[in-house]
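The exercises below ask you to read one structure step by step, with a worked solution after each task. Try each task yourself before reading on.

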Amino acid sequence: APFIGSKSLEYAKKSLRIDSLNVIGIIQMGNIAFHTPSLLGGSKQEALMYYLKALRIMERDPELKVHNWNYLHVLVCIINTCIELKQYETARKYCLKALSFEPGFVWVKQTLYPQVLKKLS
């Protein structure tokens, strides 16, 4: 990150200047916001905004969901960000959404969802 982080941000922003609906660019902006320390401008809340935007775009176009691991990836990003923000009910909602789309999603089923349920109890 210290060596290529600024380049990653530059390229993600460039991708969105070219196409503001570029889902991968939006997800990358979310990843950058999530993983950058808050002291350096990172924000879990901003990351969640990017992930939710990517999800909305993907859900408007069924082609972006079919056989596309990025759809499940963005759901997991939302779940993890909600956990970090202590928004456990929202995290639960997205766990159920992921499992309804892909019932055999082991990571959500066996790790994330039980973790969220434990936080809720």
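**Exercise 1. Decide how far helix α2 is covered, and find what covers it.**

Solution. Start with the count, remembering that this is a predicted model: of the 13 residues of α2, ten are buried, so the helix is mostly covered when buried is taken to mean under 20% relative accessible area. Next, list these buried residues, which are V23, G25, I26, I27, M29, G30, N31, I32, A33 and F34. Finally, look at the surroundings, where the elements covering the buried residues of α2 include α1 (5-18), α3 (44-60) and α4.

**Exercise 2. Check the length of α2 against the expected value, and examine its start.**

Solution. Helix α2 runs over residues 23-35, and at 1.5 Å a residue its 13 residues should span 18 Å. The C-alpha atoms at its ends are 18 Å apart, so the expected and the computed spans agree. Then turn to the start of α2, where the backbone nitrogen of I24 has a side-chain oxygen of N22 within 3.1 Å.

**Exercise 3. Describe the second largest pocket by its volume, its lining and the elements that supply the lining.**

Solution. The volume comes to about 160 Å³. The lining consists of N31, F34, H35, Y51, L72, H73, V76, C77, N80, T81, F105 and W107. Sorted by character, the lining has seven nonpolar residues and five polar ones, with no charged residue. Both α2 and α4 supply at least two lining residues, and α4 gives the most, with six.

**Exercise 4. Locate H67 and K86, and state what is notable about their phi angles.**

Solution. Begin with the general expectation that most residues other than glycine have a negative phi. H67, in the loop between α3 and α4, has instead a positive phi near 50°. K86, in the loop between α4 and α5, likewise has a positive phi, near 60°. For accessibility, the cut-off for exposed is over 50%; H67 is therefore exposed at 83%, and K86 is exposed at 61%.

**Exercise 5. Place Q87 in the structure and identify its neighbours.**

Solution. Q87 is found in the loop that joins α4 (69-84) to α5 (88-101). Its relative accessibility is 26%, so Q87 counts as partly exposed. Leaving aside residues up to four places away in sequence, Q87 touches Q45, L48 and C82. As a last step, compare sequence with space: Q87 and L120 are separated by 33 residues in sequence, while their C-alpha atoms are 9.6 Å apart.

Note on methods. Residues numbered from 1 in each chain as written. Predicted model: local features only at pLDDT ≥ 70, side-chain atom pairs only at ≥ 80, totals over all residues. Heavy atoms only, no water. Helix = DSSP H or I, 4+ residues; strand = E, 2+ residues; numbered from the N terminus. Buried < 20%, exposed > 50% of the residue type's maximum accessible area, 1.4 Å probe, protein only. Contact = heavy atoms within 4.5 Å. Expected span 1.5 Å × (residues − 1). Polar contact = N/O pair within 3.5 Å; in protein donor to acceptor, adjacent residues only side chain to side chain. 1 Å grid on protein atoms, 1.4 Å probe; cavity = no way out; pocket = protein on both sides within 12 Å on 5 of 7 lines; lining within 4 Å. Points joined across faces, edges and corners; volume = space filled by probe spheres on them. Nonpolar A, V, L, I, M, F, W, Y, C, P; charged D, E, K, R; others polar.
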